[in-house]
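User: Please take a close look at the salt bridges of this structure. I would like a connected account of the partners, their places along the chain and their exposure to solvent.

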Amino acid sequence: MGLDVYVGTLTRYYSGDWELITQRVGRELGLTVEVVRQDDHSEALTDPNEIRPMIEHWQSSIGPALGIDARWDEADVQPYFTDKPDWDGYWGMLFLAGAVANPTLAVPDVWPDHPERSPLVQITHKRHGLLRRKGPPESGSRFWCLRVPTVWLPWEFDGMWHGRFPSGETLTVGSVSELNTQLRMLATDLGASDDTLTVWEEAIGQPLGEEIIVDGQVLERFERSAPLEAGRRGLAMFIRLAALAAEHRLPLRLDY
């Protein structure tokens, strides 16, 4: 099950009015791509005219409770953006963050069997509770906003929340602003300029010289990127998407 990043309104996300990168590429090639997610929302509402009022009511009720402006524009005219760092890009990015936070640790040359258990990932972790705002992270977890939340909202706060969404999901929420800050901080610590980030994002694994055929279409296979290269590409992709979320004042969330 792969990992994608979505930037856009929650109405569009829950109504399914958007395409993954693989869906778009498949459509352009004349292929049908079946999407299987960890949580099956097949029985959920899909009509945006029913979903939008639920989101807006949630915004208007949770804002005063949290003492923040929780509103953003959920209109259909709002754009959306998506890309696919996949799990290698995500875990690799956290490896980079862990290595920067603790220079005694190094990004491995090969992928461990369970990247989520790596000390490089654990050092970015921050414990959290239910339905309450958290303060600044504990020492050693400078990049907690990259690791703990699964959705980042265009709210102004420096902690995180763990609570129930109108969809019924219980999610950990971070701030788009704080996400941008920590992503840029990591890039600076790595000495990565904007030009460097562009090069990192465009890099992919080397072709294997093998081909697979799907519905008559010939597709080339690429080797899996090493953790360092995958992490650099994931970081560059997250920085680009988080900047778009900030620019358009839209939520950003992981999709898997």
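Analyst: Exposed here means a relative accessible area over 50%, buried means under 20%, and partly exposed covers the range in between. The model under discussion is predicted.

By that cut-off, arginine 224 is exposed, because its relative accessible area is 53%. Its side chain meets that of aspartate 88 in a salt bridge, with an N to O distance of 2.7 Å. The two residues belong to distant parts of the chain, 136 residues apart: aspartate 88 sits in helix α4 (residues 86-101), whereas arginine 224 lies in the loop between β7 (217-222) and α9 (227-248). Aspartate 88 has a relative accessibility of 21% and therefore counts as partly exposed.

The loop between β7 and α9 also holds glutamate 223. This glutamate 223 has a relative accessible area of 40%, so it is classed as partly exposed. The C-alpha atom of glutamate 223 is separated by 8.7 Å from that of isoleucine 204, a residue 19 positions away along the chain.

Helix α9 contributes a partner of its own. Arginine 240, in helix α9, is linked to glutamate 201 in helix α8 (residues 194-202), and these positions lie 39 residues apart in the numbering, so that distant parts of the chain are joined. In this salt bridge the closest N and O atoms of glutamate 201 and arginine 240 are 2.5 Å apart. Glutamate 201 counts as buried because its relative accessibility is 16%, whereas arginine 240, at 30%, counts as partly exposed. The pair is part of a wider arrangement: salt bridges with shared partners join Asp83, Glu201 and Arg240 into one network.

A further salt bridge is formed by the side chains of arginine 52 and aspartate 76, at an N to O distance of 2.3 Å. Here too the pair links distant parts of the chain, with arginine 52 in helix α3 (residues 48-66) and aspartate 76 in the loop between α3 and β2 (81-83), 24 residues apart. Arginine 52 has a relative accessible area of 14% and is therefore buried.

The pairs described above are among the ten salt bridges that the structure holds. Among their partners, arginine 52 is buried, aspartate 88 is partly exposed and arginine 224 is exposed.

Methods. Residues are numbered from 1 along each chain as its sequence is written. This is a predicted model: local features need pLDDT of at least 70, side-chain atom pairs count only at pLDDT 80 or more; totals for chains, interfaces and linings use all residues. Side-chain values use heavy atoms; hydrogens and water are left out. A salt bridge is a side-chain nitrogen of Lys or Arg within 4 Å of a carboxyl oxygen of Asp or Glu. Helices (H or I, at least four residues) and strands (E, at least two) are DSSP runs, numbered from the N terminus. Buried means under 20% relative accessible area, exposed over 50%, partly exposed in between (1.4 Å probe, protein chains only).
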